[in-house]
Amino acid sequence: MTIEKTGRVSRRQLLQWAGAGLMVNVAGTLLYDPIGRISMPINEAFGSLILSAKPTPEFPIAAIEPTKLIINSFRGTPKIDLANFKLAITGEVDRPLQLNMTEIQQLPLTSMVIRQVCVEGWAAIVQWGGVRLQDLLRLAQMRSTAKYVYFKSADGYYESWDLASVVHPQTLLAYQMNGRPLPADNGAPLRLASPIKLGYKQSKWVIEIVVTSQLLPKRGYWEDLGYEWFAGL
Ligand SMILES: Nc1nc2c(c(=O)[nH]1)N[C@H]1C(S)=C(S)[C@@H](COP(=O)(O)O)O[C@H]1N2
Ligand SMILES: [Mo]
């Protein structure tokens with residue numbers, strides 16, 4: 001069963017969602033604002049970061065370059081048990097979450113066509129579809145102490161991002177690529193996709209999102225080998 005943007009949900013669904021920590025009101029309606037965003041109370045720091053975000057221009061569908069995207073994985077493609085997969089959201093949040101793919105796919109879907117740029121000298125225009133990090137952090141009720149977000153991947157890769165870039169409206173956890181389910185080699189079931197960061201910031205096979213108030217000594221797989229941390233485009 002899918003949930004309409006303003007639709008009623010069954011009691012069973014409601015209990016499942018409540019168990020997952022997702023926010024529904026007493027009538028069993030998901031809390032969306034009139035333009036389809038999740039309307040959860042957010043703190044002032046979070047709100048002003050979202051307001052200050054500048055959108056990056058996107059490309060038309062016809063500009064997608066499927067053959068230019070090169071698979072770049074430092075340690076190959078990890079085996080992930082999709083039936084039992086859960087994304088964890090932990091750290092500086094009031095409602096830590098464990099979400100399965102069904103729950104994630106019930107959140108608003110954003111699609112964008114952007115350029116992915118790898119420091120190794122290639123770029124490709126790709127379409128990504130997925131959920132906004134901003135929405136996931138709303139659901140998890142991110143605290144005002146939050147400053148950085150760590151992304152842990154199933155292959156041992158790790159990344160940290162500044163919070164403003166994470167809550168940017170075009171920063172997604174994608175589960176679709178070029179109009180199809182995301183392939184395993186490109187990070188299924190969930191990978192980061194954003195037009196404002198270099199390729200190595202875009203973690204594939206994300207299994208945990210950790211919100212922190214401090215940058216830890218380990219900042220990212222490539223960063224710890226000397227690459228730039230902010231890595232903005
Ligand atoms: N977990 C994980 N994420 C990763 C990598 C990796 O090795 N492991 N490589 C990064 C690099 S350097 C790039 S350019 C992009 C490549 O994404 P693609 O393989 O889908 O083209 O993934 C990034 N995300
Ligand atoms: Mo890369």
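Reader: Through how many residues does a hairpin join E1 to E2?

Author: The model is predicted. In it, E1 covers residues 87-91 and E2 covers residues 97-99, and the two strands run antiparallel. The hairpin that joins E1 to E2 has a length of five residues.

Reader: Which residue in E2 is the bridge partner of Leu-87?

Author: Strands E1 and E2 are joined by three bridges. For Leu-87, the partner in E2 is Leu-99.

Reader: Do E1 and E10 run parallel or antiparallel, and which residue in E10 is the bridge partner of Ile-89?

Author: Strand E10 spans residues 206-212, and four bridges join E1 to E10 in a parallel arrangement. Within E10, Ile-89 has as its bridge partner Ile-209.

Reader: Where is ligand 1 placed, and how much of its accessible area does the protein cover?

Author: Ligand 1 takes up the space of the largest pocket. Among its polar contacts, a side-chain atom of Lys-204 lies 2.5 Å from an oxygen atom of ligand 1. On its own, ligand 1 has 530 Å² of accessible area, and the share covered by the protein is 99%.

Reader: Which residue has a polar backbone atom 2.9 Å from a nitrogen atom of ligand 1?

Author: Two contacts involve a nitrogen atom of the ligand. For one of them, the protein partner is a polar side-chain atom of Ser-153, at 3.5 Å. The contact at 2.9 Å is made by a polar backbone atom, and the residue is Gln-202.

Reader: How many charged residues does the shell around ligand 1 have?

Author: There are 20 residues around ligand 1, and those that come nearest are Ile-70, Phe-74, Asp-155, Arg-191 and Lys-204. By class, nine residues of the shell are nonpolar and eight are polar. The number of charged residues in the shell is three.

Reader: Which residue does a cis peptide bond join to Ala-188?

Author: Most peptide bonds are trans. Here omega is about 10°, and the bond is cis. The residue after Ala-188 in this bond is found in the loop between strand E8 (180-181) and strand E9 (191-193). That residue is Pro-189.

Reader: What value is phi of Asn-178 near, and where does Asn-178 lie?

Author: Most residues other than glycine have a negative phi. Asn-178 lies in the loop between strand E7 (172-177) and E8. Its phi is positive, although Asn-178 is a residue other than glycine, and the value is near 50°.

Technical notes
Residues numbered from 1 in each chain as written. Chains lettered and ligands numbered in written order. Predicted model: local features only at pLDDT ≥ 70, side-chain atom pairs only at ≥ 80, totals over all residues. Heavy atoms only, no water. Near = heavy atom within 4 Å. Polar contact = N/O pair within 3.5 Å; in protein donor to acceptor, adjacent residues only side chain to side chain. Areas by Shrake-Rupley, 256 points an atom, 1.4 Å probe, with all protein chains shown as cover. 1 Å grid on protein atoms, 1.4 Å probe; cavity = no way out; pocket = protein on both sides within 12 Å on 5 of 7 lines; lining within 4 Å. Sits in = over half its atoms within 2 Å of the grid points. Nonpolar A, V, L, I, M, F, W, Y, C, P; charged D, E, K, R; others polar. Pairing = 2+ DSSP bridges.
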